[in-house]
Each structure stands twice: as C-alpha cells, then as structure tokens.
Amino acid sequence: MEYRIGVIRGDGIGPEIIEEAVKVLDAAAHRFGHKFNYSELLLGGASIDAHGVPLTDEALADAESCDAVIMGSIGGDTGTSPWYRLEPSRRPEAGLLRMRKELNLFANLRPAYLFDELKAACPIKEELIGSEGFDMVIVRELTGGLYFGERHTSEVDGVMTAVDTLEYNADEIRRTAVKAFEIAMKRDKKITSVDKANVLDSSRLWRRTVEEVAKDYPEVSLEHMLVDNCAMQLVSEPSQFDVILTENMFGDILSDEASMITGSIGMLSSASLNDTSFGLYEPSHGSAPDIAGKGIANPLATILSAAMMLKYSLNLDKEARCIEAAVKKALKAGYRTPDIARKGEKGIGTSEMGNLVAEALSTCSV
Ligand code: NAD
C-alpha cells in the first residue's frame, strides 16, 4: 500500500530524531512492501526563520491532506533564542497549538511503558513497580482548558496582573472520555479520571461528564483521583494505573512525571487524534536545545511514535508491533543512548540507535 506522510523535522534535536524515525519507517516499508511518500512541512522555529510565522496556511493545509504527520519537537532555548523575543502568538509553540486546534486533535495519547531492559534506568525502586510492571496510557485533552483560554496581562497603579482562563464544555470532555474508554476496553479496563474537583468548577463538570460516559462502558471500572494525589501515587504505587484520563495541563505535567518511570523522557511517544483516522505523532519531550547537534538524543520516543502512527492512522498493526519488537531487541542487546545508560556506561549515538532498530526490523517476525 502507498501512504502520504507529513514530516515536520522541527527545531533543536527535532531533525536528528526525525531522521531516525524516517529511517525506521523506510525499513518497515521495505520489510512489508509498502511505500511511504513524505511531504516535508515547516512548523515552529524553522517556519519562523523561513516565513516569519510559526505555521503557514499552506503547511497546515498540506498537513491536513496527509494520511498522518510525524513530528520532531519544536522550540528553542526560551531564555536565549530570538524566537522568544517575539510576541507570544508568533513564537514556535503558537504554531503547534494552532495546528492542534485547527485539525481538531483533541485527544492526546501518551503510553508510558517500562521495558524490562530499562529497569535500571527507572528511578523508582523495583519493589514499588511490582511484578506487574509499569504499563499505562495517559489520555490528555489537548485542545481546551488553560492553554486555549483567554489570557491577558495588565498593569494598574504599577501592579502587574496576569489572567489565564480555564474553560471546558461538556462536549469537549465527553469526546476525550469516549476515546479513553475505547482504549481502556482494549487494555485492563480501568480508568483513573484525574481532576481537581474539590476546588475547580471545570473539574466538577469533568467528573460529572466522565461518569455519564462511563454508563456506556459497564465493563470498565472508573475511579476519580485529585491531581495532587495522582502526582504522589504515580511515584508511590505506579503499577495501579492502566488508563489515566485528564485535562490539558494536568496531562502535560503528569505525563512528564510518568515518562521518568520509563527511564527517560526520551522514551515517551505520543499520538494526537481527532475523529478521523488522521493523527499527529510526536515524542512527548521538547527540542532539548542543551543537547541539540551533539548526536546523542534518544530517538526511541520518536520511533515509537512512528509505530503509533502505523497502528492508529494507517491500520498497520503488524508493522507497528514489529517496530516495538525491534526497539526491544536493541535494548535487550544492551544498546543505550546516554539518557538511559547506567552510570559509567558509555551510550551510543542517535543515528547508531536508529540503525540498530532499522536492522532489527529487517528480520522481525511478530
Ligand atoms: P525538553 O523536553 O526539551 O528537555 C528537558 C530535558 O530532557 C533536557 O535536559 C533534555 O536534554 C532532555 N531530553 C529531552 N528529550 C530528550 C531525548 N530525546 N534524549 C535525551 N534527552 C532528552 O524540555 P525543555 O528544555 O523544557 O524545553 C525545550 C524547548 O522545547 C522549549 O522551547 C519548549 O517550549 C519546547 N517543547 C516543545 C514540545 C513539543 O514540540 N511538543 C514539548 C515540550 C517542550
């Protein structure tokens, strides 16, 4: 089969990790007889440099016409990059927020899975992880809440005031909850819905709406947890979670926390989905300006995001499982980028890791 895939290389380590994801996708295409036609798109800092805006209408339309889009990360050093001297609506992140909003990518899936081979890189004691291991998915609402509400900063009598608005309607909550319940049905059928319902009205609506959706999924057990408690439980008893369903900002923060349990933020993939088969696939981490250009970034989150793309947008399940198996094989053989290497262990580089995964794919049989 032939597919059209949008490729956003992005900024910082973005181009380095995307190179490896494309290498692995090409190896999968070769192994299974598919053809991936890539369409290069600009977003973020690279688009500002080329066009003066973080996302052009043309790039947005091009993205929409693809079967799916894979992206490295965007943005620069927020302290020193000239992109951050621009007004907020012209900065790199504004392009990504616009793409998510305009393509209606309301559900963000972030699987957090601790490979057996990476137990040593996990900062949590093995007995707390337990024999079941750590394998969960965060379903984060992505196009509403605090990141999309009205905001302004003003000054009265020499005192600055800044306002950000957190708003959700029941439809936005419902469609994200439905995605989470559908995913839970294919996993251990347990959802922890995370909110701050003891304080926030939006969280009380969240809780009520999630409970309504739960009535259509009697096999799935639903519990509610306050976000501060969840942050604590993720560290004290991580294996209790199967699917965490939560709003935009809570999901952003909790998924970074969950990523560390997998050994490194460089391991956490993500998919942003709408109501069609289209999706935007990207690692959960940022553009890591501190290590950009050094050839040491971990490409596995991006490679695993490519696997998610095959599964969710292109319906190529076997091919996706092969990529996951190839990643596991490389880790099992002891190969580590520096972020997941043990103390004193010398890590391998970004492209070496990509080569190993691509090679393992050529002999994969799942
Ligand atoms: P970051 O995720 O880029 O980096 C945090 C730390 O994790 C750094 O020490 C970095 O070296 C390390 N790290 C991240 N990815 C890694 C990888 N693949 N391999 C090894 N180490 C890795 O977060 P930050 O420093 O807060 O943000 C940097 C820039 O990225 C900012 O401009 C921010 O806005 C942007 N950002 C973009 C996205 C996105 O593109 N979706 C997401 C988050 C942050």
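Lysine 179 is buried (under 20% relative accessible area with a 1.4 Å probe, protein chains only; over 50% is exposed, and partly exposed is in between), yet this lysine has no salt bridge. A salt bridge here takes a side-chain nitrogen of Lys or Arg within 4 Å of a carboxyl oxygen of Asp or Glu. The nearest side chain of opposite charge belongs to aspartate 275, 4.7 Å away; for charge, Lys and Arg count as positive, Asp and Glu as negative, and His and the chain ends are left uncounted.

This is a predicted model, so local features need pLDDT of at least 70 and side-chain atom pairs pLDDT 80 or more, while totals for chains, interfaces and linings use all residues. Residues are numbered from 1 along each chain as its sequence is written, and side-chain values use heavy atoms, without hydrogens or water.

Lysine 179 sits in helix 6, residues 170-185. Helices are DSSP runs of H or I with at least four residues, numbered from the N terminus. Setting aside neighbours within four places in sequence, lysine 179 is in contact with Phe106, Ala107, Leu273 and Asn274, contact being heavy atoms within 4.5 Å.

On to the cysteines. The structure holds 1 disulfide, a pair of cysteine sulfur atoms within 2.5 Å. Cysteine 322 and cysteine 364 form this link, with 1.9 Å from S to S. Cysteine 322 lies in helix 11 (residues 317-332) and cysteine 364 in the segment after helix 12 (350-362), so the pair ties together parts 42 residues apart in sequence. The link of cysteine 322 and cysteine 364 is left-handed, at -100° about the S-S bond, and both cysteines are buried. Cysteine 122, meanwhile, is in no disulfide: the nearest cysteine sulfur, that of cysteine 230, is 16 Å away.

How values were computed:
Helices (H or I, at least four residues) and strands (E, at least two) are DSSP runs, numbered from the N terminus.
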